[in-house]
Each structure stands twice: as C-alpha cells, then as structure tokens.
Amino acid sequence: MLALIYFIILGVIALGSAICVFLSRHPLYGALSLVLSMVSLAGIYGLLGSPFVGVVQIMVYAGAIMMLLTFVIMVLNGARDSKTPMFDKVSLFVIPAVLALSGLVGFALVQAPIAFDASALRGSVALTSQTLFDTSSKGQGYFVLFEVLGLLLLSAMVAAVLLAKKRLGSINEGEDK
Amino acid sequence: MIEIINSRPWIEWLITIAKFAFCFVPVLYILLLIPMERRGAGFMQDRQGPNRSYIKIPFFGKIRLLGYVQNMCDGAKLFFKEQFTPSGVNKFLYNLAPAIPFAIVFLSPCVIPWFGPMVFEWGGSVVRVSGSILDSEIGVLLLFGFSSLSAYGAVLAGWASKSKYSFLGALRTSATTISYEVCLGLSLMGVLLLVGSFNLTDIVSWQEHHVWGIVAQPIAFVCFLIASIAETGRAPFDVAEGEPELVAGYHTEYGAMQFGLFYMGEYSHICINSFLISTLFLGGYAVPFVTTETIQAHMGGSLSILCGVLAFLVLAFLHLLYRYSRKLKKTNLTHKNVVLREYLLYKICGWVAVLVLIAGGLCAWFLFNPSVSFIGGETVYGIGTALGTALIHLLVLVVKSVAFCWVWIWVRWTLPRFRYDHIMHLGWKIILNIALVNLVVTAIVAKLVGGN
C-alpha cells in the first residue's frame with residue numbers, strides 16, 4: 001500500500017518532468033527537467049526491488065551525463081537564445097512518432113499481466129553480478145558482451161579524441177612550441 | 001498498517017526513529033569546523049585567530065569561549081543581512097541553487113554506519129538494529145550519487161547569476177567535479193574488491209577483523225584523499241572560486257544567507273567526506289586493536305576507560321590553562337585580570353567535568369553488571385551493553401573524522417592554489433592512472449591470494 005502511494009507520487013513527478021522536457025523553451029530547463037525525471041525514475045527502480053539499478057541511474061545519468069550535458073549547453077551559445085520555436089517542421093515527424101510509440105507501449109502494458117510486487121528483489125547487487133559475470137560454462141555469457149561493450153566505448157572515445165584534434169600531422173609541431 | 005507497527009518491539013522502532021537525528025551531524029559539524037578552520041589558520045600563520053568577540057555574564061565578565069563566540073556573531077550577521085537579488089538574474093534558478101547542496105547534506109549521512117549493529121535481548125527475543133539509518137546493500141554508491149548531484153547547486157548558481165565571473169566558476173566546478181568523481185570511484189574500487197560488498201557496515205566489519213583499509217590499500221587511500229579534497233572544491237583545488245581571477249566564483253552574486261548556504265554546504269561536504277574516508281580506510285567505528293566482542297564482554301571496564309580518556313583530555317586542557325595563566329600573571333598586560341577572571345570559569349567547568357567523569361568511570365567499573373542471556377545458542381547482552389557499545393563506537397568515529405577534518409584545514413593553509421590546467425592534468429593523467437593500476441594489481445593479488 002505504502003509502496004503504491006510512493007509509486008504514484010514518483011510516477012507523476014517522472015511523467016510531469018518528462019513532459020516539461022518537451023515543453024521547455026530553454027535547453028537548460030529541459031536538461032534540468034530530465035534530471036528530475038531521472039531521479040524519480042531511480043526512485044521507482046528502488047521501489048521495484050532494484051536499488052542497484054536505481055543508484056546507478058542517479059550516479060551515471062543524473063550525476064555524470066546530465067552534468068556533462070548542462071556543461072555543453074552552458075558552453076555553447078544555445079544557452080543564450082530562449083527564442084527557439086516550440087514547434088517546427090521536424091515536430092511533424094517527431095510528435096506522431098512519440099504518440100504512436102507511447103500508444104504501443106501503453107497497449108502492451110495493459111495487455112501484459114503485471115502484478116505490482118514491491119517485495120521481490122529484481123536488480124540487487126548480488127543478482128546483477130550473478131547475471132552479468134556468471135563465468136561458468138552453463139552461464140549466459142553476458143560477461144563477454146560486457147567486455148566488448150567496454151572496448152566499444154573505448155574505441156568511441158579514441159575516435160572522439162582523433163576528431164577533436166584538428167591537424168593530425170601537427171602533433172610534433174605543437175609540442176615544439 | 002497496524003500489523004507493520006506491531007511486527008517489531010517498540011524499542012526497535014524508537015531506536016530506528018532516533019537514528020534520524022544523525023542527519024543533523026554535518027550541520028553540527030559546521031559549528032565545529034568553522035572555529036577550527038579559523039584557529040587552525042591562525043596557528044599556521046603564526047597569529048591568534050579571532051578572539052575578540054565575547055559574551056558578558058555577571059561574575060566572570062567577558063567570556064570568549066576560545067574564539068567560539070565569533071562563530072555566533074558571523075551566523076547572526078548572515079541571518080539578519082538583507083537578501084538582495086541582482087537585476088537580470090534568472091529568479092527561479094537563482095533562488096533554487098543554494099538550496100540544492102544544502103538539501104543533499106541532510107540526505108548524505110543516511111548510509112554511514114554510526115555504530116556497529118546493535119544486537120540485544122528485549123522481552124525474551126533478540127532485537128537487531130543496524131548502525132546506519134538506511135542499511136542498504138548499495139551503501140556507498142548512494143553517497144556517491146548524492147554527492148554528484150550536489151554539484152548542480154554550483155552550476156545552476158553560476159548560470160542563473162548571469163555574470164561572467166559566476167559563469168566561469170560554474171564551468172570550472174562542473175568540469176572539476178566530473179573529472180574527480182571518476183578518480184574517487186576508481187580509487188575506492190580496490191577496497192570494495194577486497195571486501196566484496198558496497199555496504200559500509202560490511203566494509204567496517206571486514207576492517208575490524210582483518211586490517212584497516214589504509215594498510216591494505218595505501219595508494220588508494222592517497223588517491224581517494226586527493227580526489228575528495230578536489231571534489232569538495234577547497235584549496236588548493238578551489239579554482240571555481242579563486243579570488244584573484246573570478247572574484248568569488250559561482251557565488252559572486254550571492255549575499256546574506258544564500259551565500260551562507262553555499263558556505264555551510266561546503267563545510268558539511270568536508271564533514272561527510274571525512275566520515276566517508278574514516279569509514280572506508282580508517283576502520284570506521286571500530287576501536288583499534290579491540291574487537292566489538294571484547295568491548296561487549298568487558299562493558300564496565302570499557303566505559304570506565306572511556307571516562308578515563310575523557311578525564312585525561314580535560315586535565316590536559318586544564319594544564320594548558322594553568323600554564324598560560326601563570327605566564328599571564330607575570331606580564332604587565334592591562335587586561336590580564338579580565339582574562340584571568342574568564343579563565344576562572346573554564347577552570348571551574350574543567351574541574352567539575354573531571355570529577356563527574358572520574359565518578360562516572362568508577363560507577364561503571366564497580367556497578368555495571370551487564371545481563372547476559374543465551375537465546376538460540378547465541379550470547380546476547382542487555383540493552384545497556386548495546387547502548388554503551390554504540391556510544392563508544394560513535395565517539396571513536398567522531399575522533400577519526402575530526403582528525404580528517406583537520407587534514408582538510410591543514411592542506412588548505414599549506415599549499416598554494418593550483419592552476420586550472422594543472423588540476424585537470426593531475427586528475428586525468430596522474431591520479432586516474434594510478435588508481436587504475438592499483439585496481440588491476442589489487443585484483444590480481446586478491447585472486448592469487450584467494451580472497452573474494
């Protein structure tokens with residue numbers, strides 16, 4: 001009962017701030033609404049018996065990635081113009097897509113037999129680590145995917161550094177100066 | 001609803017609710033840290049520090065409480081100053097920003113174990129209460145999550161002020177916070193690998209039964225200390241509010257209590273970080289060389305030793321007072337009688353404290369008979385022993401954390417401010433790599449030795 005009340009409160013906050021992301025004219029307000037939405041989502045994860053997923057949501061998304069995003073918004077000139085039109089040509093495609101997707105997800109959720117059971121442990125630390133790093137031969141082998149994902153992120157970072165360096169041939173020149 | 005309440009004895013509910021009082025510990029630490037910082041700065045710069053403000057009471061005259069009254073004056077000043085809002089600021093975010101770091105201060109203490117898990121006999125059954133407000137398996141991760149959110153205060157303040165100095169300060173803060181949080185998390189991983197749990201109570205009990213984290217992971221300790229000093233944004237890493245470049249950084253446009261909230265948020269952050277370091281690397285609430293079981297088996301003796309240590313500290317303070325009074329009597333200072341009259345009050349208080357502590361220690365030694373009962377093949381003590389153990393644990397943790405708070409002050413007044421690119425260089429190219437290598441070496445050694 002108590003969990004249901006918390007769930008409704010957090011759900012309303014999450015949905016409301018997610019709508020705010022769409023409606024806010026200024027990119028920084030949009031980013032902040034997204035942070036609020038993520039924090040309340042983390043609370044919902046905690047309610048559903050996966051505190052680990054929830055806290056990772058706060059640490060990684062709300063803490064690090066959104067901080068980086070606010071940083072970028074503040075550095076770029078976009079922070080100054082609050083005259084961005086709310087709707088333009090792209091919205092013609094985006095809004096129907098969002099509506100269709102939410103309709104589909106809502107239909108699927110209504111059809112699926114979901115019982116709200118707050119006591120079941122779904123994403124605890126032990127469960128997550130067992131699922132991910134089960135190195136036995138019978139395991140699902142997610143750890144290989146995990147390592148490959150790490151490599152993928154590393155290669156993305158290397159590519160970003162390479163792109164950010166303007167002249168590839170001028171590394172020695174720069175050091176001489 | 002009523003079944004939930006009836007499922008546990010009332011004493012468990014009482015202790016569980018009383019533990020919420022620990023949320024106010026960082027705020028209380030501000031009262032301790034600000035005078036400590038001022039007197040410490042004075043000590044390092046070979047001067048007195050603030051010692052002029054006083055309270056006048058009837059017989060003893062001007063009471064200065066060793067410079068502590070200055071603190072109250074500052075607080076009163078900040079509270080009663082006019083709250084101004086510069087024109088052109090973004091009103092909503094400008095007013096919201098100072099509240100964010102200060103609100104997080106109240107959330108952060110919930111995962112720190114303030115004492116060992118209390119286990120005692122009550123009404124024929126065993127009651128277990130954990131030492132932290134929220135005894136969760138994610139423990140330390142939650143603390144990192146909160147501290148990463150608290151940087152939003154500085155960032156929003158800088159942006160909402162619409163001032164170039166504030167803005168630059170905010171940019172620097174967000175960059176420094178992101179960089180050093182990576183180092184903070186990575187340097188911690190070695191300890192977590194050895195313990196095999198995120199829960200801080202587990203980490204402390206591992207340290208209690210093996211070795212302290214600072215012995216097992218000395219390199220990680222140094223990295224963690226540097227990264228957490230940088231994360232609090234204090235000198236030598238305070239480029240975000242460097243006076244020579246940015247006036248006051250992100251809180252340039254703030255005054256009165258809004259500035260005060262940032263100021264208090266910074267000091268509470270120091271408090272939380274020193275509690276975290278002493279929990280992770282210095283054994284937390286564990287008494288050095290003595291296990292909790294030994295303390296509980298000899299509860300009366302432990303309490304009287306505690307009283308003895310406190311009495312010794314008070315006696316040392318009295319010794320200082322007497323020595324200084326003797327020196328003062330020989331001088332020709334005009335105000336020496338006023339000062340001596342003030343010291344008379346301290347001496348009376350000190351001697352009363354010594355007598356009370358010695359009496360308490362003797363009572364504990366002779367009169368304390370802990371009740372022991374065996375329930376389900378387990379030795380369980382009464383509630384008196386459990387509360388006594390919790391008290392000793394709490395005091396030990398406070399001593400360790402105050403020692404670390406002193407490290408913060410010590411570093412601030414010793415090292416000059418780093419340049420901004422030096423900070424980034426130190427964070428990304430030195431500490432991060434050391435922490436990574438440390439993690440890999442720890443993992444290999446732990447695998448070879450056969451740990452977790």
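Student: In which loop does B:Lys162 lie?
Tutor: This is a predicted model: local features need pLDDT of at least 70, side-chain atom pairs count only at pLDDT 80 or more, and totals for chains, interfaces and linings use all residues. Residues are numbered from 1 along each chain as its sequence is written; chains are lettered from A and ligands numbered from 1 in the order in which they are written. Helices (H or I, at least four residues) and strands (E, at least two) are DSSP runs, numbered from the N terminus. B:Lys162 sits in the chain B loop between α8 and α9.

Student: Is B:Lys162 buried, exposed or partly exposed?
Tutor: Count the other C-beta atoms, placed from the backbone, within 10 Å of a residue's own: 20 or more is buried, 12 or fewer is exposed, in between is partly exposed. B:Lys162 has 16 of them. So B:Lys162 is partly exposed.

Student: What is the phi of B:Lys162?
Tutor: B:Lys162 is not a glycine, yet its phi is positive. The value is about 55 degrees.

Student: What does the length of α9(B) say about its span?
Tutor: The expected span is 1.5 Å times one less than the number of residues. For the 32 residues of α9(B), that gives 46 Å. The end C-alpha atoms agree with this, because they are 47 Å apart.

Student: Where is the kink in α9(B) centred?
Tutor: The bend at a residue is the angle between axes fitted to the seven residues ending there and the seven starting there. In α9(B) the kink is about 30 degrees. Its centre is B:Met189.

Student: How many residues of α9(B) are buried?
Tutor: α9(B) is mostly covered. Of its 32 residues, the buried number is 24.

Student: Which residue just after α9(B) takes a positive phi?
Tutor: Look just past the end of α9(B). There, with a phi of about 80 degrees, stands B:Gly196.

Student: How many residues does chain B give to the contact with chain A?
Tutor: Two residues are in contact if their C-beta atoms, placed from the backbone, lie within 7 Å. Chain A gives 17 residues, and chain B gives 20.

Student: Which element gives the most to the side of chain B that touches chain A?
Tutor: The elements giving two or more residues are α7 (140-149), α8 (151-160) and α9 (164-195) of chain B. With 7 residues, the one that gives the most is α9(B).

Student: By class, how many residues of that side of chain B are nonpolar?
Tutor: Ala, Val, Leu, Ile, Met, Phe, Trp, Tyr, Cys and Pro count as nonpolar, Asp, Glu, Lys and Arg as charged, and the others, Gly among them, as polar. The side of chain B that touches chain A has 5 polar and 2 charged residues. Its nonpolar residues number 13.

Student: Which residues have the most contacts inside the largest nonpolar core?
Tutor: A nonpolar core is a set of buried Ala, Val, Leu, Ile, Met, Phe, Trp, Tyr and Cys residues joined through C-beta atoms within 7 Å. The largest has 113 residues. Those with the most contacts inside it are B:Phe224 and B:Ala227.

Student: Which residues does B:Ala227 touch?
Tutor: Leave out residues up to four places away in sequence. Then B:Ala227 touches B:Tyr180, B:Cys183, B:Leu184, B:Ser187 and B:Ile431.

Student: What separates the centres of domain 1 and domain 2 of chain B?
Tutor: The bounds come from an automatic or database domain assignment. Domain 1 is 2-49 + 81-286 + 379-449, and domain 2 is 289-369. Taken over C-alpha atoms, their centres are separated by 31 Å.

Student: Which helix gives the largest share of the side of domain 1 that touches domain 2 of chain B?
Tutor: The contact takes 7 residues from domain 1 and 8 residues from domain 2 of chain B. On the domain 1 side, 4 residues come from helix α18 (residues 383-412) of chain B.

Student: How many helices does chain A have?
Tutor: From the N terminus on, the elements of chain A run α-α-α-α-α-α-α. There are 0 strands, and the helices number 7.

Student: Where does α3(A) bend?
Tutor: Helix α3 (residues 51-75) of chain A reaches 34 Å from first to last C-alpha, close to the 36 Å expected. Its bend is about 30 degrees, at A:Met66.

Student: Why does α4(A) lie largely in the open?
Tutor: Helix α4 (residues 91-111) of chain A has 21 residues. It lies largely in the open because the number of them buried is 0.
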